[in-house]
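Welcome to a short tour of a protein model. Have the sequence and the 3D view ready, and we will walk through a few parts together.

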Amino acid sequence: MDVDEIRETLRARTGGTCEGVWSAPGRVNLIGEHTDYNQGLSLPMALPHRTRAAAARRDDDLVVMSSRGFGRVLTVDLGKVGPGRPKGWAAYVAGVLWALREEGHPVGGMELAVESRVPVGAGLSSSAALECAVAAAASDLFGLGLLETDEGRAALAAACVRAENEVAGAATGGMDQAVSLRARADHLLLLDFARGTAEQVPAHLDGHVVLVTDTRAPHALVDGQYAARRRDCERAAEAAGVGNLAELEVDDLPRLLPRLDEVAAARARHVVTENARVHGVVDALARGDLTTVGRLLVEGHESLRDDFEVTVPQLDVAVEAAVEAGALGARMTGGGFGGSTVALVPDHLAASVERRVRQAFAAKGWESPVSYAVRPSGPAAREA
Ligand code: ADP
Ligand code: MG
């Protein structure tokens with residue numbers, strides 16, 4: 001569905017009114033996993049896959065919304081939005097308008113028609129793409145002016161995080177919304193969760209693509225496992241006598257790890273070495289040293305597999321097959337227990353890496369994975 005079609009979808013419903021079309025990207029994290037809640041670093045990028053929202057203001061407080069593939073038109077009264085209300089996908093949309101209003105912005109009801117190219121539930125952040133497209137539309141239509149500066153975009157991202165945490169009830173750390181609103185084409189975004197900063201890092205991927213593979217592995221036990229990892233990290237930080245694991249350096253580990261129980265030690269080792277790998281990737285990118293970037297991706301995967309224990313066989317096999325077929329490196333991306341992998345691949349090998357991963361899955365009798373060759377793309381914006 002292109003811009004004209006989504007505009008027509010809204011017009012057909014509103015009797016001709018559409019004030020514009022906005023879109024926001026999904027994201028993939030190149031490296032820096034399970035570091036957000038440890039106040040560490042991550043290095044995500046925006047995908048070319050976007051969620052579009054055609055929008056118009058209403059003169060009441062109703063949010064009337066449809067999304068292609070998500071059933072009938074829904075209507076939510078903004079005055080009735082709050083923690084856990086509404087349920088379902090409407091929470092992500094109405095939640096953003098609610099959060100902006102909570103922050104004191106003059107936001108009212110809207111008509112919205114949504115369509116998305118971001119795969120849902122693949123760990124590529126379709127939820128943030130939806131929130132950020134709605135936030136962008138609200139900012140322009142209600143004259144908030146928040147898309148014009150990076151500071152304003154950070155404020156929009158914060159509202160989207162509130163929508164997701166408080167209204168949808170999903171515990172996310174803020175990476176997704178930061179990327180969707182603040183990324184830049186051909187750049188990675190270096191997020192420092194301790195300092196709350198977002199820094200543009202030129203990607204210099206000349207002649208290479210990032211191959212994202214949705215493994216389609218069924219997510220199992222995710223919620224309990226995520227909470228357990230957070231607790232392990234808190235326990236490790238406490239035993240180490242620091243506020244959070246990001247305060248530690250790799251050099252501290254030999255002295256520290258013997259003081260921790262085996263599980264806490266392994267979790268701490270992942271977080272501390274992962275932050276160092278993020279720095280390593282940023283430095284290597286600046287030198288144009290993609291071989292080192294690839295090596296650090298593989299080390300990151302091994303750390304998530306062996307120390308953080310969040311991979312599943314599909315993630316491990318996708319990474320191994322990609323590297324065997326000529327990727328400079330590959331790793332699982334996102335929280336784990338399913339979801340997607342990223343691989344750094346020379347352009348001319350992208351098709352054969354993709355094929356090799358598919359063959360490896362077929363040999364195991366697994367559902368066929370879906371790959372996307374991508375480059376770092378642009379942030380939420382008005383399209384029409
Ligand atoms: P992801 O990794 O894709 O963000 P989440 O579980 O965080 O996975 O978010 C997926 C949820 O976001 C969906 O179940 C749905 O409620 C909502 N969502 C995402 N994209 C859309 C869309 N285009 N239209 C309606 N709801 C969407
Ligand atoms: Mg999400």
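Is Val374 buried or exposed? Val374 is buried, because 20 other C-beta atoms lie within 10 Å. Here, buried stands for 20 or more other C-beta atoms within 10 Å of a residue's own, exposed for 12 or fewer, and partly exposed for what lies in between, with C-beta atoms placed from the backbone.

Before going on, a word on the model: it is predicted, local features need pLDDT of at least 70, side-chain atom pairs count only at pLDDT 80 or more, and totals for chains, interfaces and linings use all residues. Residues are numbered from 1 along each chain as its sequence is written, while chains are lettered from A and ligands numbered from 1 in the order in which they are written.

Val374 belongs to strand E12 (residues 370-374). Helices (H or I, at least four residues) and strands (E, at least two) are DSSP runs, numbered from the N terminus. Val374 touches Leu47, Pro48, Val209, Val210 and Val212, leaving aside residues up to four places away in sequence; a contact has the two C-beta atoms, placed from the backbone, within 7 Å.

**Two domains**

The domain assignment, which is automatic or from a database, splits the protein in two.

| Domain | Residues | Residues in the contact |
|---|---|---|
| Domain 1 | 3-202 | 24 residues |
| Domain 2 | 208-374 | 31 residues |

Between the C-alpha centres of domain 1 and domain 2 there are 27 Å. On the side of domain 1 that touches domain 2, strands E1 (20-29), E2 (41-42) and E3 (44-57) each give two or more residues.

**Helix H10**

Why does the length of helix H10 (residues 313-324) agree with expectation? Its twelve residues should span 16 Å at 1.5 Å a residue, and the end C-alpha atoms are 16 Å apart, so the two agree. The expected span is 1.5 Å times one less than the number of residues. Buried residues of H10 include Leu315, Ala318 and Ala322. The buried residues of H10 pack against strands E9 (208-214), E10 (329-333) and E11 (340-346), and helices H9 (290-306) and H11 (350-364). Just after H10, Gly326 takes a positive phi of about 115°.

**Around ligand 1**

Of the 17 residues around ligand 1, Ser67, Trp89, Ser116, Ser126 and Ser127 come nearest; a residue counts as near if its C-beta atom, placed from the backbone, lies within 6 Å. Strand E6 (110-116) and helix H3 (126-141) are the elements giving two or more residues to this shell. H3 gives the most, with three residues.
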